[in-house]
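This report is intended for a reader meeting the structure for the first time. Please keep the sequence and the model in view while reading.

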Amino acid sequence: MERLEQSPDLSDRQILELIDDMLLEKSHGWALTLEMRGAMRKELFDSVRRLDVIQDLIDDPKVTEIMVNGFDRIFVERGGIVSRYPKSFTSREKLEDVVQQIVGKCNRIINESSPIVDARLENGSRVNVVVEPACIGGPVLTIRRFPDSPITMERLIAMGSITQEAAGFLEELVKSGYSILIGGGTSAGKTTFLNALSHYIPGDERIITIEDTAELQIQGIENLVRLEARSANMEGGRQITIRELIKTALRMRPNRIIVGEVRQEEAIDLLQAWNTGHDGSIGTLHANSTADMISRLETMVLMGMQLPLEAIRRQIASGVDIMVHLGRRKDKKRRVLEISEVTGYAPPEVLLQPLYRWDDKDSVLRRENQLMHREKLERMRGYEA
């Protein structure tokens, strides 16, 4: 490792040649099989040029989450099951090197002054890093690995996450321009579901995506603009917020605005955008139910602007058409648990009507009510006719 780390200017091919030479030099008298030599070669190369012991996990398509709780404690999620990973980093310093490598490639900085950073890997995986003094015992690294190719609605149907009927219904809503808000807990599959829904957006529209960390995989849209927020850095680069990006997007002639996740005061800008003629926009947020999505929106709006609750609720009722709630059941599978329509505002509440709801007894997503506001749907069907 000392010899390899002293050669930072070598290309990947030259590093591999150096590793081969060292293995040949050191292996005289060792009973090394070809498989063992290959494993040692890859381990050394990953340690120098890639992400060390977690590189195998990042390359594994079955892995959905990697959780590093210090250099010697790594956990991994496969198929919804979390288990301890037998390998570990050689030292805390090595983990810190990997953290700096990840953050540096995203042109971000992490240190004691800025101990929390969101970033992404080259394959699009989402990364969250926390270092001291915000955490105790060394860096904590969490990586959400997304599929190499976006999961389609057909695949979600095959996996039992949604029924064919409900998927067909949502397809009509997306094409007709209903604004949809997707909610759920952590790792409920919100981003995956948004990507799947985006396949239904007509290909001739202009779409603006806005994210804190770019991870959406919008397919089939040629006129696509991707915007990403940025934190302030030590080089003098100023912070660019989601709020600024939403305001900028309104000047870019979008048909639809897609916000990867609404977390804070940008909710007021999102609602205003959705109330100014950008039908069919889509967003996600953390929530425990469709009813909770409304209260979460209210709270986030109040973070940025002190408005009467009645005014906020009227904005929600006017701007949001459909709410989709995702979650996990006892079998650890991600499912659509509820699809509700925002039917209006009757003081003091925003009115919700459940259209589909998950039945735990029979393990099925059942249709409960018909869509009330059908104007956009009928207009689209008229155009097609």
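## Strand 7 and strand 11

Ile182 has Thr284 in strand 11 as its bridge partner. The model in which this pairing appears is a predicted one. Strand 7, covering residues 180-184, and strand 11, covering residues 282-286, run parallel and are joined by five bridges.

## The nine-stranded sheet

Strand 7 and strand 11 are neighbours in an open sheet of nine strands, whose order is 9-8-10-11-7-12-13-14-15 and whose pairing is mixed. At the edges stand strand 9 (224-228) and strand 15 (364-367), each of which pairs on one side only. From one strand to the next, the twist averages 25°.

Two helices lie across strands of this sheet. Helix 7, made of residues 164-176, lies across strand 7, strand 10 (256-259), strand 12 (322-328), strand 13 (334-346), strand 14 (349-359) and strand 15. The direction of helix 7 is at about 145° to strand 14. Helix 11, made of residues 290-304, lies across strand 7, strand 11, strand 12, strand 13 and strand 14, and runs at about 110° to strand 12.

## The six-stranded sheet

The model also contains an open sheet of six strands, in the order 3-2-1-6-5-4, with antiparallel pairing. Strand 3 (81-84) and strand 4 (116-120) each have a single partner strand, so one side of each is left without a neighbour in the sheet. The twist in this sheet averages 15° from one strand to the next.

Within the six-stranded sheet, strand 5 (residues 126-130) and strand 6 (residues 140-144) run antiparallel and are linked by five bridges. One of the residues paired here is Val129, with Leu141 in strand 6 as its bridge partner. Helix 5, residues 92-105, packs on the sheet and touches strand 1 (63-69), strand 4, strand 5 and strand 6. The direction of helix 5 makes about 130° with that of strand 5.

## Helix 9 against helix 10

How do helix 9 and helix 10 lie relative to each other? The axes of helix 9 (residues 242-249) and helix 10 (residues 266-274) come within 8 Å and cross at roughly 15°. The two helices are therefore roughly parallel to each other, since angles under 35 degrees count as such. The crossing of helix 9 past helix 10 is left-handed.

On the helix 9 side, the contact is formed by Ile242, Arg243, Ile246 and Lys247. These meet Glu266, Ile268, Asp269, Leu270 and Ala273 of helix 10. By class, the residues of this contact comprise five nonpolar and four charged, with no polar residue.

## Buried positions

Helix 8, residues 190-198, is mostly covered, with nine of its nine residues buried. The buried residues of helix 8 include Lys190, Thr191, Phe193, Asn195 and Leu197.

Is Leu377, a residue of helix 13 (residues 375-384), buried or exposed? Its relative accessibility is 2%; because buried means under 20%, Leu377 counts as buried. Leaving aside residues up to four places away in sequence, Leu377 touches Glu172, Ser176, Tyr178 and Leu371. Leu377 and Tyr178 are 199 residues apart along the chain, while 8.4 Å separates their C-alpha atoms.

Note on methods: Residues are numbered from 1 along each chain as its sequence is written. This is a predicted model: local features need pLDDT of at least 70, side-chain atom pairs count only at pLDDT 80 or more; totals for chains, interfaces and linings use all residues. Side-chain values use heavy atoms; hydrogens and water are left out. Two strands pair if DSSP finds at least two bridges between them. Helices (H or I, at least four residues) and strands (E, at least two) are DSSP runs, numbered from the N terminus. Axes are lines fitted to C-alpha atoms, for helices over the stretch in contact, and angles run from 0 to 180 degrees between N-to-C directions. Contact means heavy atoms within 4.5 Å. Angles under 35 degrees count as roughly parallel, over 145 as roughly antiparallel, 65 to 115 as roughly perpendicular and the rest as oblique. A crossing is left-handed if the near helix is turned anticlockwise from the far one by less than a right angle, and right-handed if clockwise. Ala, Val, Leu, Ile, Met, Phe, Trp, Tyr, Cys and Pro count as nonpolar, Asp, Glu, Lys and Arg as charged, and the others, Gly among them, as polar. Buried means under 20% relative accessible area, exposed over 50%, partly exposed in between (1.4 Å probe, protein chains only).
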